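Me: I'd like to go through this model with you, one question at a time. Could you start with the ground rules and then take my questions as they come?

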Amino acid sequence: MAQDKGYLDQSGNQVIAIVKNLDRDVERGEDTIMLGYGSVLLAPAFAPLLPPVILLPLMAIAFAISATLARLHFYKMAQKLTVSMRELESRDQHTLKPIAQVFDEHPQQTLAVAFNPLRNLKRTLKSTLGGLMINPFWGPIFYMLGVQFVEDKHFFVLNKAVISVEEKIMPIVLRDE
């Protein structure tokens with residue numbers, strides 16, 4: 001089995017390579033989140049074919065799947081960065097510190113914590129209230145939307161950190177690629 005080198009490659013500056021690869025992975029994670037939003041926005045197209053009893057739970061499942069995939073991708077990125085930073089000099093590690101801090105501030109939680117309504121009472125209460133106001137089947141959709149928002153926030157904060165490091169290390173010419 002090949003050893004995972006994380007974001008390192010042997011072409012040029014290692015910090016630039018790590019930041020470019022992280023930027024690409026952040027975009028993929030954001031695409032996963034957007035896929036969840038987009039699939040739920042397409043749900044009204046199926047409304048004439050499926051009753052709300054079937055369609056609304058499917059919308060919640062679409063959010064759950066995209067949030068789960070985004071979360072797994074986020075923590076895979078954290079592992080790859082950790083592996084990569086072990087092989088860097090302390091000066092280069094210091095350059096990547098803002099990105100590493102984002103991963104430190106958002107430690108990995110199990111999906112059971114994210115999806116457990118008893119561990120997220122505020123989200124559960126808001127979802128229940130929203131479901132009572134519209135339709136009880138909307139409660140799970142609102143809950144999964146809250147999970148989706150959390151994952152979206154992780155990628156937003158990470159993207160800001162990557163951009164700040166990019167601005168410090170990359171020449172203006174490389175930013176336009």
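Reply: Happy to! A residue is called buried when its relative accessible area is under 20%, exposed when it is over 50%, and partly exposed in between (1.4 Å probe, protein chains only). This is a predicted model, so local features need pLDDT of at least 70 and side-chain atom pairs count only at pLDDT 80 or more, while totals for chains, interfaces and linings use all residues. Residues are numbered from 1 along each chain as its sequence is written, and side-chain values use heavy atoms, with hydrogens and water left out.

Me: What percentage of the residues in the protein chain is buried?
Reply: The protein chain has 177 residues. The buried ones among them make up 42%.

Me: How many helices and how many strands does the protein chain have?
Reply: Helices (H or I, at least four residues) and strands (E, at least two) are DSSP runs, numbered from the N terminus. Read along the sequence, the pattern is α-α-α-α-α-α-α-α-α, and the C-alpha trace spans about 55 × 35 × 35 Å along its principal axes. The count is 9 helices and 0 strands.

Me: Which helix supplies the largest share of the largest nonpolar core?
Reply: A nonpolar core is a set of buried Ala, Val, Leu, Ile, Met, Phe, Trp, Tyr and Cys residues joined through side-chain atoms within 4.5 Å. The largest one here has 42 residues, and Leu81, Leu96, Ile99 and Leu158 have the most contacts inside it. Helix 1 (14-41), helix 3 (52-86), helix 5 (97-105) and helix 8 (138-169) each supply at least two of its residues. The largest share, 14 residues, comes from helix 3.

Me: Which residues does Leu158 touch, leaving out those up to four places away in sequence?
Reply: Contact here means heavy atoms within 4.5 Å. With residues up to four places away in sequence not counted, Leu158 touches Val26, Phe74, Met77, Ile99, Val102 and Phe103.

Me: Which residues form one aromatic cluster with Phe74?
Reply: Rings of Phe, Tyr and Trp (its six-membered ring) pair if their centres lie within 6.5 Å; planes under 30 degrees apart count as stacked, over 60 as edge-to-face and the rest as tilted. A search of the whole structure finds 5 aromatic pairs, and one of them is the edge-to-face pair of Phe74 and Tyr75, at 5.2 Å centre to centre and 85 degrees between the planes. Both of these residues, Phe74 and Tyr75, are buried. The cluster joins Phe74 with Tyr75, Phe103 and Phe155.

Me: How many residues apart in sequence are the parts that the pair of Phe74 and Phe103 ties together?
Reply: Phe74 and Phe103 form a tilted pair, 5.0 Å centre to centre with 50 degrees between the planes. Phe74 lies in helix 3 and Phe103 in helix 5, so the parts tied together are 29 residues apart in sequence.

Me: Are helix 1 and helix 8 roughly parallel or roughly antiparallel to each other?
Reply: Axes are lines fitted to C-alpha atoms, for helices over the stretch in contact, and angles run from 0 to 180 degrees between N-to-C directions. Helix 1 and helix 8 pack at about 155 degrees with their axes 10 Å apart, and the contact includes Val26 of helix 1 and Leu158 of helix 8. Angles under 35 degrees count as roughly parallel, over 145 as roughly antiparallel, 65 to 115 as roughly perpendicular and the rest as oblique. Helix 1 and helix 8 are therefore roughly antiparallel.

Me: What about helix 1 and helix 3: at what angle do they pack?
Reply: Residues that meet here include Val26 and Gly29 in helix 1 and Met77 and Leu81 in helix 3. The axes are 8 Å apart, and the packing angle is about 175 degrees. That makes helix 1 roughly antiparallel to helix 3, at the angle of about 175 degrees.

Me: Is Arg123 buried or exposed?
Reply: Arg123 is in helix 7. Leaving aside neighbours within four places in sequence, Arg123 is in contact with Ala114, Tyr143, Gly146, Val147 and Val150. Its relative accessible area is 19%, so Arg123 is buried.

Me: And Leu58, with its 42% relative accessibility: what does that residue count as?
Reply: Leu58 is found in helix 3. Leu58 and Val40 are 18 residues apart in sequence and 8.6 Å apart in space, C-alpha to C-alpha. At 42% relative accessibility, Leu58 counts as partly exposed.
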